[in-house]
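This briefing reviews selected side-chain and strand features of one chain. The points are grouped by topic for use beside the coordinates.

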Amino acid sequence: QVHLVESGGGSVQAGGSLRLSCAASGYTYSSYCMGWFRQAPGKEREGVAGIESAGRTTYADSVKGRFTISQDNAKNTLYLQMNSLKPEDTAMYYCAAVKCMTNIQRVFAMMLRGFDYWGQGTQVTVSS
């Protein structure tokens, strides 16, 4: 059974940095695409960044140049380095996974769609 556990959230001032981690277990990590999503109060969940097992990445326009997604396949761990944080980045951040065995699965994953395994979330709060 897929199990995802996020950590690393917290409170920072605008311009600061945080690094989120997501420990994955229960499946063959390299067969899955991974992603980070976030949801602010009163808003819909949105995709932040995604990564294929081969390393190809995708980002939401709002975080390009500030956030970096990466993974350590040996440790089954996903990361999100967040720099130059802004108050509008305040949200609950979720790690997610989806099986990526076919090209169409990878296409959807890189569109940050179709993820079906989720962690419990970690809160990020950015003050101005």
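**Disulfides, strands and salt bridges**

Cys-33 and Cys-100 are both buried. The sulfur atoms of Cys-33 and Cys-100 form a disulfide, with an S to S distance of 2.0 Å. These values come from a predicted model. Two disulfides are counted in total, and a search of the whole structure gives five salt bridges.

**Disulfides**

- The link of Cys-33 and Cys-100 is left-handed, with -115° about the S-S bond.
- Cys-33 belongs to strand E4, whereas Cys-100 sits in the loop between E9 and helix H1 (103-110), so this disulfide ties together parts that are 67 residues apart in sequence.
- Cys-22 is joined to Cys-95 by a disulfide in which the sulfur atoms are 2.1 Å apart.
- This second pair also links distant parts of the chain, as Cys-22 lies in strand E3 (residues 18-25) and Cys-95 in strand E9 (residues 91-99), 73 residues apart.
- The link of Cys-22 and Cys-95 is left-handed, with -70° about the S-S bond.
- Cys-22 has a relative accessible area of 0% and is therefore buried; Cys-95 also counts as buried, at 0% relative accessibility.
- When bonded cysteines are counted along the chain, the disulfides follow the pattern 1-3, 2-4.
- In general terms, a disulfide is a covalent bond between the sulfur atoms of two cysteines.

**Strand pairing around E5**

- Strand E5 (residues 46-51) is mostly covered, with five of its six residues buried.
- E5 pairs with E4 in the antiparallel sense, over five bridges.
- The hairpin of E4 and E5 has six residues between the strands, and Gly-42 there takes a positive phi near 80°.
- E5 is also joined to strand E6 (residues 57-59) by three bridges, again in an antiparallel arrangement.
- Across that pairing, Ala-49 stands opposite Tyr-59 in E6.
- Five residues separate E5 and E6 in their hairpin, where Gly-55 in the turn has a positive phi of about 110°.

**Arg-38 and its surroundings**

- Arg-38 is part of strand E4 (residues 32-39), and Glu-46 in E5 stands opposite Arg-38.
- Is Arg-38 buried or exposed? Its relative accessible area is 5%, and buried means under 20%, so Arg-38 is buried.
- The side chain of Arg-38 makes a polar contact of 2.9 Å with the side chain of Asp-89.
- A polar contact of 2.9 Å also connects the side chain of Arg-38 with the side chain of Tyr-93.
- Beyond its neighbours within four places in sequence, Arg-38 is in contact with residues including Glu-44, Arg-45, Val-48, Ser-62, Val-63, Phe-67, Glu-88, Ala-91 and Met-92.
- Glu-46, Asp-89 and Tyr-93 also belong to the contacts of Arg-38.

**Salt bridges**

- Side chains of opposite charge can pair when their charged atoms come close.
- Arg-38 and Glu-46 meet through their side chains in a salt bridge of 2.6 Å, N to O.
- The two partners differ in exposure: Arg-38 is buried, with a relative accessible area of 5%, whereas Glu-46 counts as partly exposed at 34% relative accessibility.
- Arg-66 forms a salt bridge with Asp-89, and the closest N and O atoms of this pair are 2.7 Å apart.
- The pair of Arg-66 and Asp-89 links distant parts of the chain: Arg-66 is in the loop between E6 and strand E7 (67-72), and Asp-89 is in the loop between strand E8 (77-82) and E9, 23 residues apart.
- Arg-66 and Asp-89 are both buried.
- Which residues are linked in a network of salt bridges? The network consists of Arg-38, Glu-46, Arg-66 and Asp-89.
- Asp-61 and Lys-64 have side chains that meet in a further salt bridge, at 3.1 Å, N to O.
- Asp-61 has a relative accessible area of 65%, and exposed means over 50%, so Asp-61 is exposed.

Methods:
Residues numbered from 1 in each chain as written. Predicted model: local features only at pLDDT ≥ 70, side-chain atom pairs only at ≥ 80, totals over all residues. Heavy atoms only, no water. Helix = DSSP H or I, 4+ residues; strand = E, 2+ residues; numbered from the N terminus. Buried < 20%, exposed > 50% of the residue type's maximum accessible area, 1.4 Å probe, protein only. Polar contact = N/O pair within 3.5 Å; in protein donor to acceptor, adjacent residues only side chain to side chain. Contact = heavy atoms within 4.5 Å. Pairing = 2+ DSSP bridges. Disulfide = S-S within 2.5 Å. Salt bridge = Lys/Arg side-chain N within 4 Å of Asp/Glu carboxyl O.
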